[in-house]
Every structure is written in structure tokens, then in C-alpha cells.
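User: I should like to go through this model and ask on what grounds its descriptions rest. Please set each value against its criterion before concluding.

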Amino acid sequence: MSTKRSGARLEFQKIEKQFQGTGLVIDRVSFCVEPGEFVTMLGPSGCGKSTFLKLAAGLDRPSAGKVDLDSFAQANFRSFVFQDAHLLPWRTVIDNIALPLELTGITRDEARTAAEASLKRVHLTDAGHKYPNQLSGGMRMRAAVARALITRPTLLLMDEPFAALDENTRHRLQEELRELWLQERMTVLFVTHSVSEAVFLSSRAVVLSARPARLLLDTRIDLAEHRDQNLRLGSEFSAQMRILHDAFKSPEASV
């Protein structure tokens, strides 16, 4: 049986990032994601939100500053969910989900047993035998989340995973992800363009300015832990959304 791990601690310290031909994209941004927090990042297109995820994943390095991630999380316990599910078309759903464990040398039978448990967590048990082209967009994204969870990560990085889905499916997956996070308590850093998505999902939200990105707002989302569709219609939800909207309207937002 897998031992439940506590979430990782992730800190960005005075991060600068420059790209050849693009110039300065991130300008001395600092913030911390505490163990077990669900933090969303918002900001205009091109401001470097996805770059922060790549820095956290170890796929890129800052031009200046430091990314501090505890050593336990560095040891293979980071998972990344992209905008596209990126499932291998020639493998069944269960074999796609088992792949990360197979690559670590775990036997195929052990990996498939773990994949079945991961499928159950995302309510996709009946689709394990299917191929990606037989799934809806929402089901493919569930499979991608199941694949990310199979290693029981202490840090889960998510780059607008629900952006291409219809509103009803998106809302349903937001609810399921929120409940999964409450169960697992891994640390989550989630990129989105949607203010309502940020408010619904997160315990904290970070708002960045247009390029070069600067930190405009770092605020707690003061709502109940367990959230459902009814929450979206309430005054408390609207008040939290207004705080984030106001950050986007500030003079610094487009400077």
C-alpha cells in the first residue's frame, strides 16, 4: 500500500526570465507555495505563467533568482498536466496511466494494479480498456489527471488543463479535482485564464501583470473547503471574483 506523502514546499525567489528575441518575460517575481496548498496563477497571455510551471518542474532555469523545492519533491514526485492530455494513441487508457510507473522499472502487473486505483480516483474505471480516440475530451483529461496522480506526487503542476472543455464539463472536472486535492493534499500550482476557475479551485491566487510579469496580487481565497455548483451563485463567490478582477484593472496590470 502506498504511503501518503505530505505536499511539497515550492518557493520562487526574485525570479527573472529572459528569452532570446523576446527579452525580459518575468521581472523579479517572488512567492511561495506552502505544503498542501492549491495556488492558481492568473495573468495575460504571454506573461510567463507556463514558464513558472516549467521552472518548478525542472524543465527550465531562471535567468536570475532561485527556485527552491524541497529535496523530497525533487526525487521523482513531481507531476505535470498539460493543456492537451497527450495520451499515446496506441495504448489503452489503463496502459497510458500505468506508463509512468513502468518507466521506473515496476512490473507491468504492479503498474496496472496501481493504474486501476488511479482510474477509480477520477471516476473512469469503465474506460480502462478503451483507446484515447474513443474518449470524450473530458474523459481524456480525466485520464491525464489519473496518469499524473499514479506516482502519488507531492507537487502537481497543471497548465490550463480544462481550457478546451465545454462549461458543464469544465465545472464538473473542477469539482472533482478540488475533491481529489482535499483527499490527497498534494501541493498544486495551477495556471488558468479564468477568474471563476481560480476562485473555485484554489486556496490562494496569484495575479501577474502583462509582460514583463510582476506580482500584482497574492491573496487567499476565503471560501468553504468543500465546494459545489451552488457556491458559484453566492455573494461570497462574487466577492472573491471581484478582488481578482480589480487586480487586472489596476494601472500596473498593463504596464
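**Grounds for the descriptions**

Analyst: The buried residues of helix α1 are K49, T51, F52, L53, L55, A56 and A57. The model is a predicted one.

User: What makes α1 mostly covered?

Analyst: A residue counts as buried when its relative accessible area is under 20%. Seven of the nine residues in α1 are buried, and the helix is therefore described as mostly covered. Helix α1 spans residues 49-57 and lies across β1, β2 and β4, at about 120° to β1. G58 follows α1 and has a positive phi, near 80°.

User: Why are β2 and β4 called edge strands?

Analyst: The sheet is open and has three strands in the order β2-β1-β4, paired antiparallel. Strands β2 (23-33) and β4 (64-69) each pair on one side only, and these are the edge strands. On average, neighbouring strands of this sheet are turned by 20° against each other, direction ignored.

User: How do you know that β1 and β2 are paired?

Analyst: Pairing requires at least two bridges between two strands. Strand β1 (residues 10-19) is joined to β2 by seven bridges, so the criterion is met. The two strands run antiparallel, and E11 stands opposite C32 in β2.

User: Why is Q174 called buried?

Analyst: The relative accessible area of Q174 is 2%, and the cut-off is under 20%, so Q174 is buried. Q174 is located in helix α6 (residues 167-184). Leaving aside residues up to four places away in sequence, Q174 touches F162, E197, F200, L201 and R232.

User: What makes the pairing of the Q174 and E197 side chains a polar contact?

Analyst: The limit for a pair of N or O atoms is within 3.5 Å, with one able to donate a hydrogen and the other to accept it. The side chains of Q174 and E197 make such a contact at 2.8 Å, and the distance therefore satisfies the limit.

User: Why is helix α3 described as largely enclosed?

Analyst: Of the ten residues of α3 (residues 93-102), seven are buried, so the helix is largely enclosed by the rest of the structure. The buried ones are V93, I94, D95, N96, I97, A98 and L101. Among the elements covering them are α4 (108-121) and α5.

User: Which residues touch the most other members of the largest nonpolar core?

Analyst: They are L156, M158, V188, F190, V199 and L244, in a core of 51 residues. Helix α5 (residues 137-149) supplies the largest share of this core, seven residues. A second, separate core has 26 residues, including I15, M41, C47 and L155. In soluble globular proteins, nonpolar side chains tend to be buried together.

User: Which residues does M158 touch?

Analyst: With residues up to four places away in sequence not counted, M158 touches L53, V81, V145, L177, V188, L189, F190 and V191.

User: How do you know that the radius of gyration agrees with a compact globule?

Analyst: For 255 residues, a compact globule would have a radius of gyration near 18 Å; the protein has 18 Å, and the two therefore agree. The C-alpha trace spans about 55 × 40 × 35 Å along its principal axes. Of the 255 residues, 51% count as buried.

User: What share of the contacts with a separation of 6 or more joins residues 24 or more positions apart?

Analyst: Such residues account for 72% of those contacts. The secondary structure of the protein comprises eight helices and nine strands.

Technical notes
Residues numbered from 1 in each chain as written. Predicted model: local features only at pLDDT ≥ 70, side-chain atom pairs only at ≥ 80, totals over all residues. Heavy atoms only, no water. Core = buried A, V, L, I, M, F, W, Y, C linked by side-chain atoms within 4.5 Å. Buried < 20%, exposed > 50% of the residue type's maximum accessible area, 1.4 Å probe, protein only. Helix = DSSP H or I, 4+ residues; strand = E, 2+ residues; numbered from the N terminus. Contact = heavy atoms within 4.5 Å. Axes fitted to C-alpha atoms, helices over the stretch in contact; angles between N-to-C directions. Rg over C-alpha atoms; globule rule 2.2 N^0.38 Å.
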